[in-house]
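Here's a quick tour for anyone opening this one up for the first time. Have a look at the fold, then read on.

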Amino acid sequence: MGRFSVTRQGADILVNANPEDVFRVLAANATWKTEREFLNSSETLSFVVFGRFWKENGAEAHVNILHHLDGSIVRVVGDRGASARANGFNMFNVGVKKFQTKILDSFEQELRNA
């Protein structure tokens, strides 16, 4: 069992750790490192995970690590990606949802094993 208490609620993961520690755990995973673009602000630690679903369809997962009374909330929002929106592609939301779920599952496992 890991050092964090992790609870999943929909598209959120509640963690009993401060956002900086959660960010470090998620950023340390070499599997995602090349696909992450880190964006730091004073109130929220955020980054975007880029990926694909099915064969050629790109997707993004926007991840925000927010302060919470009991620690942190990791919030993941799936998106079809800026390039798809710019080109007017009409992608299936089910693929974006699957990508979002894949990211949530991965992060939940990383935090449980930390």
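## The nonpolar core

Start in the middle of things: the largest nonpolar core holds 23 residues, and the ones touching the most other members are Val74, Phe107 and Leu111. Several elements chip in with at least two residues each, namely strand E2, helix H1 (19–27), strand E4 (45–53), strand E5 (57–68), strand E6 and helix H4 (93–113). The biggest giver is H4, which puts 5 residues into this core.

Leu111 is a good residue to click on. Setting aside neighbours within four places in sequence, Leu111 is in contact with Phe4, Val6, Ile13, Val15, Val22, Val25, Leu26 and Val74.

## How far to trust it

Keep in mind that this is a predicted model. Mean pLDDT for the chain comes out at 78, with 68% of the residues reaching 70 or more. Which element has the highest mean pLDDT, and which the lowest? Strand E2 (residues 12–15) comes out on top at 96, while strand E3 (residues 36–40) sits at the bottom with 54. Where pLDDT is low, the predicted coordinates should not be read in detail. For E3, then, bear in mind that mean of 54.

## Strands around E2

E2 has strand partners worth tracing. Strand E1 (residues 6–9) runs antiparallel to E2, and 4 bridges join the two. Within this pairing, Thr7 has Leu14 of E2 as its bridge partner. The hairpin of E1 and E2 has 2 residues between the strands, and Gly10 there takes a positive phi near 65°.

E2 also pairs with strand E6 (residues 71–79), again in the antiparallel sense and over 4 bridges. Here Leu14 shows up once more, standing opposite Ile73 in E6. So how is Leu14 placed? Leu14 has Thr7 as a bridge partner and stands opposite Ile73.

## A salt bridge across the chain

Searching the whole structure turns up 5 salt bridges. One of them pairs Arg75 with Asp12, with the closest N and O atoms 2.8 Å apart. This pair links distant parts of the chain, since Arg75 belongs to strand E6 and Asp12 to strand E2, with their positions 63 residues apart.

Are the two ends of this pair buried or exposed? Asp12 counts as buried because its relative accessible area is 16%, under the 20% cut-off. Arg75 is partly exposed, at 31%.

## Salt bridges within helices

Other salt bridges stay inside a single helix. In H1, Asp21 and Arg24 lie 3 residues apart, about one turn of the helix, and their closest N and O atoms are 2.6 Å apart. Arg24 is exposed, with a relative accessible area of 52%, whereas Asp21 is partly exposed at 25%.

H4 has one too: Arg112 forms a salt bridge with Glu108, and the closest N and O atoms are 2.9 Å apart. Arg112 and Glu108 are 4 residues apart in H4, so about one helical turn separates them. Glu108 is buried, with a relative accessible area of 15%, while Arg112 is partly exposed at 36%. These two residues also belong to a network of salt bridges that links Arg8, Asp105, Glu108 and Arg112.

Terms used. Residues are numbered from 1 along each chain as its sequence is written. This is a predicted model: local features need pLDDT of at least 70, side-chain atom pairs count only at pLDDT 80 or more; totals for chains, interfaces and linings use all residues. Side-chain values use heavy atoms; hydrogens and water are left out. pLDDT is the predictor's confidence in each residue, from 0 to 100. Two strands pair if DSSP finds at least two bridges between them. A nonpolar core is a set of buried Ala, Val, Leu, Ile, Met, Phe, Trp, Tyr and Cys residues joined through side-chain atoms within 4.5 Å. Buried means under 20% relative accessible area, exposed over 50%, partly exposed in between (1.4 Å probe, protein chains only). Contact means heavy atoms within 4.5 Å. A salt bridge is a side-chain nitrogen of Lys or Arg within 4 Å of a carboxyl oxygen of Asp or Glu.
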